[in-house]
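Colleague: I am new to this structure and would like to learn how to read it feature by feature. Could you take me through it slowly?

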Amino acid sequence: MEANGPQTLQEAILYFAIPENCLNYIAVRRWADGVVCPTCGSTKVSFLKNQLRWQCSAHHAKRQFSVKVGTIFEDSPLGLDKWLPCVWLITNAKNGISSYEVGRALGVTQKTAWFMLHRVRLAHQGKDGGKLSGEVEVDETFIGGKARNMHGEVKARKIQGRRGPEGKAIVAAVLERGGKVRAKVIDRRKKKDLQALVREHVEPGSALYSDALKSYEGLDGEFIHQVIDHAVAYVDGNVHTNGMENFWSLLKRGINGTYVSVEPYHLFRYLDEQAFRFNNRVDMNDADRFDIVMRQIVGKRLTYSELIGSGRVASAS
Ligand SMILES: [Zn+2]
């Protein structure tokens, strides 16, 4: 095994079947300067070898803690031997992977796999990493619109949320050419919403490319804004939104092909997942992407009731 851990899915499954390997892989990433008690922050902790846990020297509740405490894995009865291959699978599946597939692959129920995947998507939410600059494309698209196939009551619930024409949700994004994307579910394609997204994520003075939607009018003062009117042409020299089109096609392949029915309520989680893979696509292999996600598991919690909200049921995707 290479020093930085398993390099393939097969190696990961074998490696993480051993509890000590799971513990070590996570511990060196979350506690690079030594183990810290998640409850009180003390570094006076001792390792209980037989239990694979630590114990804080201070006397307080939860003084014994496992490597899962304070991460997306906290309170899960499932072992890291299932969790870590799950992280590997979703992080490296170009078009996403359904809870049915993960359930079968790991020997858990579809419902359990659905919950696991959403917790991993939370770890896909990274730090912003600063504003985009250089040549930036902005665009928006509609997602969904399969409401007609759903049962009446479910249908009524699903189409209440954010939507554009025919019950579709709207996603807007900005993309730095050759760089990163920032995508967001928005309520309306109004000037206010779209321009706020641009100002939040794009460095003033950058070259900005959009289609001829009126909502983008008025950005010229802050950006070098050039418009491609899709009624006339899709490309005019370097004036185009082909980078965004590429991201939309990846996103839609996942959402329409793999996940099939995504509630608007959960759409941002699928965006986080796809944006993570897109933003970590250059000069990276599966092990590198897995490593990055495993550095983003701390300080994030998602309980089942938070995930499904009141009166909602787990969806099949
Ligand atoms: Zn403590």
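Colleague: Let me begin with a single residue: does Asp283 count as buried or exposed?

Modeller: Please keep in mind that this is a predicted model, in which local features need pLDDT of at least 70, side-chain atom pairs count only at pLDDT 80 or more, and totals for chains, interfaces and linings use all residues. Residues are numbered from 1 along each chain as its sequence is written, and side-chain values use heavy atoms, with hydrogens and water left out. As for the terms, buried means under 20% relative accessible area, exposed means over 50%, and partly exposed lies in between, with a 1.4 Å probe and protein chains only. Asp283 has a relative accessibility of 75%, so it counts as exposed.

Colleague: Where is Asp283 found, and what is its phi?

Modeller: Helices (H or I, at least four residues) and strands (E, at least two) are DSSP runs, numbered from the N terminus. Asp283 is found in the loop between α9 (267-279) and α10 (286-294), and its phi is positive, about 55°, although Asp283 is not a glycine. Leu52, another residue that is not glycine, has a positive phi near 55°, and Leu52 is found in the loop between β1 (45-48) and β2 (53-56). With a relative accessible area of 23%, Leu52 is partly exposed.

Colleague: What does the secondary structure of the whole protein come to, and what share of its residues count as buried?

Modeller: The protein comes to eleven helices and ten strands, and 47% of its 317 residues count as buried. A contact means heavy atoms within 4.5 Å; among contacts between residues at least 6 apart in sequence, 64% join residues at least 24 apart.

Colleague: Which residues could show me such a contact between distant parts of the chain?

Modeller: Take Met244, which lies in helix α8 and counts as buried at 0% relative accessibility. Its C-alpha atom is separated by 7.2 Å from that of Val138, 106 residues apart along the chain, and, not counting residues up to four places away in sequence, Met244 touches Glu137, Val138, Asp139, Ala173, Val174, Leu175 and Val181. Ile26, in helix α2 (residues 19-30), is buried as well, with a relative accessible area of 1%. Leaving aside neighbours within four places in sequence, Ile26 is in contact with residues including Val67, Phe73, Met294 and Ile297.

Colleague: At what angle do the axes of α8 and α9 cross?

Modeller: Axes are lines fitted to C-alpha atoms, for helices over the stretch in contact, and angles run from 0 to 180 degrees between N-to-C directions. The axes of α8 (residues 242-259) and α9 come within 10 Å and cross at roughly 125°. That makes α8 oblique to α9, since angles under 35 degrees count as roughly parallel, over 145 as roughly antiparallel, 65 to 115 as roughly perpendicular and the rest as oblique. Among the residues that make the contact are Phe247 and Leu251 of α8 and Tyr270 and Phe278 of α9.

Colleague: How many disulfides does the count come to?

Modeller: A disulfide is a covalent bond between the sulfur atoms of two cysteines. Here it is taken as a pair of cysteine sulfur atoms within 2.5 Å, and by this rule the count comes to zero. As for individual cysteines, Cys40 is partly exposed, with a relative accessible area of 40%, whereas Cys86 is buried, at 0%.
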